[in-house]
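This note is addressed to a colleague who is meeting the structure for the first time. Please read the numbered points with the sequence and the 3D view at hand.

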Amino acid sequence: MVKKSGGNSKRTTLAELTLQRPSSGVSTKTLRADLARLRRHLGKPCPHFGKKGVVQLATPAKSENPPRFNKYAGYVEWQNAIFLWVNAAGGKFTNTFRRGGREVDWYVGGANPTESSPIVRRLLGQGLTKTPLVCLFVRGQPTEPYVYCGACSYVAHDQSKKGFEFTWSLRDFDAVAKKPEFSSLMRPVASTSTVRTSSRWL
């Protein structure tokens with residue numbers, strides 16, 4: 001068995017990201033996200049595009065290949081964290097920001113999620129010795145990069161809402177609110193009839 005050199009591994013990772021090739025690594029569920037590296041991008045657009053780019057940014061340096069995850073889900077699970085994806089405009093669900101941007105509604109999605117669904121139980125910390133850190137990523141439109149909005153704290157959930165609604169509080173609101181990229185997510189989309197759902201402050 002020939003082990004890839006560090007340079008070859010990096011080139012493979014870049015090629016898979018640029019060409020949108022399927023990831024060939026292990027599942028994110030078996031890895032610990034590099035939250036310290038992610039923290040350096042708080043309130044800023046992630047340097048790599050899309051969900052896959054965010055995942056690669058958080059992938060531990062020791063991983064030789066980009067990890068696998070379900071790109072169609074509204075979340076990505078790691079051993080130590082759960083990443084939540086939010087579209088400020090468009091999308092299947094209305095992710096409304098509340099209290100001036102301090103809280104946001106997010107939906108599990110998928111096929112009829114319930115309180116017994118594995119992802120819901122994990123988000124609620126049921127049966128866990130340590131609850132994973134919930135991290136929020138928001139993008140204005142599909143053509144824009146995700147902005148890392150920091151860690152979230154549980155506020156409430158409503159199983160009766162379509163898609164199973166959670167309400168989260170942004171722990172890092174005071175820090176991200178000062179960033180122009182976060183502020184732009186709170187404004188209507190220019191030159192279009194679509195209004196970003198995040199601008200519907202309650």
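**Notes on the sheet, the core and the charged pairs**

1. The model is a predicted one. A suitable place to begin is the pairing of two strands: S2 and strand S5, which spans residues 133-139, run in the parallel sense and are joined over seven bridges. Within this pairing, Asn87 has Arg139 of S5 opposite. In general, the strands of a sheet pair through backbone hydrogen bonds, in either a parallel or an antiparallel manner.

2. On its other pairing, S2 meets strand S1 (residues 75-77) in the antiparallel sense, over three bridges. Here Glu77 faces Ile82 of S2. The connection from S1 to S2 is a hairpin through three residues.

3. How do these strands fit into the whole sheet? The sheet is open and has seven strands, in the order S1-S2-S5-S6-S7-S4-S3, with mixed pairing. Its edge strands are S1 and strand S3 (97-98), each of which pairs on one side only. Helix H3, residues 50-58, packs on the sheet and touches S1, S2 and S5. The direction of helix H3 makes about 155 degrees with that of S2.

4. Further along the sheet, strand S4 (residues 103-107) pairs with S7 in the antiparallel sense over five bridges. Asp105 has Thr167 as its bridge partner in S7. Asp105 returns in point 8, where its side chain is considered.

5. Is strand S2 mostly covered or mostly uncovered? Strand S2, residues 81-87, is mostly covered, and seven of its seven residues are buried. Ala81, Phe83, Trp85 and Asn87 point one way from the strand, while Ile82, Leu84 and Val86 point the other way. The residues of both groups are buried.

6. The burial of S2 leads to the nonpolar core. The largest such core has 46 residues, and among them Phe83 and Phe137 touch the most other members. S2 supplies the largest share of this core, six residues. In soluble globular proteins, nonpolar side chains tend to be buried together. The surroundings of Phe137 may be followed in the 3D view: apart from its neighbours within four places in sequence, its contacts include Phe83, Leu84, Trp85 and Val86. Phe137 is also in contact with Leu38, Cys46 and Val54, and with Tyr146, Val147 and Tyr148.

7. The charged side chains deserve separate attention. The count of salt bridges comes to seven. One of them joins Asp172 and Arg39, at 3.0 Å from N to O. Asp172 lies in the loop between strand S7 (165-170) and helix H5 (173-176), whereas Arg39 belongs to helix H2 (residues 35-39), so the pair ties together parts that are 133 residues apart in sequence. Asp172 counts as buried, at 11% relative accessibility, while Arg39 is partly exposed, with a relative accessible area of 42%.

8. A second example involves the side chains of Asp105 and Arg98, which meet in a salt bridge at 2.7 Å, N to O. Asp105 is buried at 2% relative accessibility; Arg98 is partly exposed, and its relative accessible area is 26%. In general, side chains of opposite charge can pair when their charged atoms come close.

9. Two further cases complete this part of the note. The side chains of Lys161 and Glu165 form a salt bridge at 3.5 Å, N to O. Lys161 counts as partly exposed, at 37% relative accessibility, and Glu165 as buried, at 8%. In addition, salt bridges link Lys29, Glu77 and Arg122 in a network. Glu77 is thus a residue to view twice: it also stands opposite Ile82 in S2.

10. How many disulfides does a search of the whole structure find? The number is zero. Cys135 is in no disulfide, and its nearest cysteine sulfur, that of Cys152, is 7.5 Å away. A disulfide requires two cysteine sulfur atoms within 2.5 Å, and therefore a pair beyond that limit is not counted. Cys135 is buried, with a relative accessible area of 0%. Cys152 also counts as buried, at 3% relative accessibility.

Technical notes: Residues numbered from 1 in each chain as written. Predicted model: local features only at pLDDT ≥ 70, side-chain atom pairs only at ≥ 80, totals over all residues. Heavy atoms only, no water. Buried < 20%, exposed > 50% of the residue type's maximum accessible area, 1.4 Å probe, protein only. Helix = DSSP H or I, 4+ residues; strand = E, 2+ residues; numbered from the N terminus. Pairing = 2+ DSSP bridges. Core = buried A, V, L, I, M, F, W, Y, C linked by side-chain atoms within 4.5 Å. Contact = heavy atoms within 4.5 Å. Salt bridge = Lys/Arg side-chain N within 4 Å of Asp/Glu carboxyl O. Axes fitted to C-alpha atoms, helices over the stretch in contact; angles between N-to-C directions.
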